[in-house]
Amino acid sequence: MTLSMLYGEPRVITVGAQVLGEALDRQAVPRREVDWRPPLPGASAALARVLADPRRESANATAVGRILSARPMLTGVRPAREALGLGAGEFFHAGPPITWERASGPMRGALVGAMLFEGLAAAPEEAEDLLASGAGITLDSCHHHRTVGPMAGVVSPSMWMLEVSDAEHGGTAYCSLNEGLGKVLRYGAYGPEVIGRLRWMGEVLGPALAAALERCGPLDLRTLIAQALQMGDELHNRNRAATSLMVREIAPAVVEAAPDHAAEVLRFINGNDHFFLNAGMAAAKVSADAARGVPGSSLVVAMARNGTDFGIQVSGLGDRWFTGPAGVPDGLYLGGYGPHDANPDIGDSTITETVGLGGFAMAAAPAIVRFVGGEVADAVTATTSMYEITMAEHPAYQIPGLGFRGTPAGIDVALVARTGLLPVVNTGIAGRIAGTGQVGAGLVSPPAEAFTAALDALGDP
């Protein structure tokens, strides 16, 4: 063996830093590069305990199997007071639990708008005073109530909710109706046009959609999402195909069930390419919830942000949140806005990445790079890298450009810690001042400490 090493051709393997490999390339030395990264800092001991857990393999197979087999169906549209039991002064919001004192500008603006919409305050200043005092006000996370909300994600009793049921496992999840673009509550705006639109949604849009669904029956969201992926959507920041497919499915029933308002309802939906996003979020939520509560499982069942914190929940750890600071996305900005105008990451829409859509499916949506920045190759790289930290490939959600390979689904806390790779999230960027609206879109990485904290909890003896 010694002689062969002295007189034979060297076989070189390079690992880690690129400097040595590049030096060998300049000397025309053949080499094999191994893609290896150290575990997340401080994770080694807990990682060893989690990987040695005899429950882990079967628990993860059970949990991810539930996500993959879920069959989300849009079954109804109902007011939040009816669907969720919300009472006066009760509000849900996006992300992990947060108080008014720690809430960001967009979150505060959305809560003020909800107070005005519900008639609990006559002016923004009065609403702020009441929210600050906490008198008669209850705030809680949407995720604690089978609900998800985009951006600030504020839900109040009079808002109408999309109801999505899992035909396979029996769960139900909710998401508010999408308001459209411009000055909207989810970005913290609360002017008269915002409140007026919310009232129209409650008086016209919600009832019309409810009547249409009663007429045409449940809408199969799993099939619709699968079709939209093959038409260029990734179902987080690009929903053009999914919205079009949804309109095609429900338009005849809207015309039949609400003839007096059909034109304005369909015009409103057709003018908002993101209208399907909220239905897709509820579909992702009910799918992820099916995987909750499996002892020993290291599967992530929620990722969410409230504009201050980024939090995750894990199947084997109940309803506990593991959090870190929400980061500011890196991407493209609208008009004259820049990073100094951006709020830290916000919203429950990362539930899409949790089940293998959004940033995990960017290879299906090359046009998304025009919205979040980068090149088409970056979108493909983002998706393919996520196979390293997920447990499975989704059998229904497939990517044509990857030979109809299923999207990477089922984030494993242990694989995140072992590889050092963090989930890819593409997202809209909210202005940090309440009411500014959307200032851009881009990519953001979750805080590593959320995953290491969850790993520590899984590894506790």
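**Exercise 1.** In this predicted model, classify Arg-215 and Glu-256 as buried, partly exposed or exposed from their relative accessible areas.

*Solution.*
Step 1. Arg-215 has a relative accessible area of 52%. The cut-off for exposed is over 50%, so Arg-215 is exposed.
Step 2. Glu-256 has a relative accessible area of 49%. Buried requires under 20%, so Glu-256 falls in between and is partly exposed.
Step 3. The two residues form a salt bridge, with their closest N and O atoms 2.8 Å apart. Arg-215 belongs to helix H8 and Glu-256 to helix H10 (residues 240-257), so the bridge ties together parts that are 41 residues apart in sequence.

**Exercise 2.** Work out how the salt bridge between Arg-78 and Glu-163 is placed in the chain, and give the burial class of each partner.

*Solution.*
Step 1. The closest N and O atoms of Arg-78 and Glu-163 are 2.6 Å apart.
Step 2. Arg-78 sits in strand S3 (residues 72-79) and Glu-163 in strand S7 (residues 160-166); the partners are 85 residues apart and link distant parts of the chain.
Step 3. At 25% relative accessible area, Arg-78 is partly exposed. Glu-163, at 13%, is buried.

**Exercise 3.** Locate the partners of the salt bridge between Asp-412 and Arg-56, then state whether they are buried or exposed.

*Solution.*
Step 1. The closest N and O atoms of this pair lie 2.6 Å apart.
Step 2. Asp-412 is in the loop between strand S16 (405-411) and helix H16 (413-419), while Arg-56 is in helix H4 (residues 56-69). The separation is 356 residues.
Step 3. Asp-412 and Arg-56 are both buried.
Step 4. The count for the model is 16 salt bridges. Bridges with shared partners join Lys-285, Asp-289, Arg-292 and Asp-319 into one network.

**Exercise 4.** Describe the largest nonpolar core and the surroundings of Leu-205.

*Solution.*
Step 1. The core has 96 residues, and Leu-205 and Phe-276 touch the most other members.
Step 2. Helix H8 (residues 192-216) supplies the largest share, 12 residues.
Step 3. Domain 2 (56-67 + 292-459) and domain 3 (72-283) each contribute at least three residues.
Step 4. Leaving aside residues up to four places away in sequence, Leu-205 touches Leu-177, Trp-200, Val-265, Phe-268 and Phe-275.
Step 5. A second, separate core holds 40 residues, including Leu-40 and Ile-312.

**Exercise 5.** State the distance between the centres of domain 1 and domain 3.

*Solution.*
Step 1. The domain assignment places domain 1 at 4-36 and domain 3 at 72-283.
Step 2. Taken over C-alpha atoms, their centres are separated by 55 Å.

Technical notes: Residues are numbered from 1 along each chain as its sequence is written. This is a predicted model: local features need pLDDT of at least 70, side-chain atom pairs count only at pLDDT 80 or more; totals for chains, interfaces and linings use all residues. Side-chain values use heavy atoms; hydrogens and water are left out. A nonpolar core is a set of buried Ala, Val, Leu, Ile, Met, Phe, Trp, Tyr and Cys residues joined through side-chain atoms within 4.5 Å. Buried means under 20% relative accessible area, exposed over 50%, partly exposed in between (1.4 Å probe, protein chains only). Helices (H or I, at least four residues) and strands (E, at least two) are DSSP runs, numbered from the N terminus. Domain bounds come from an automatic or database domain assignment. Contact means heavy atoms within 4.5 Å. A salt bridge is a side-chain nitrogen of Lys or Arg within 4 Å of a carboxyl oxygen of Asp or Glu.
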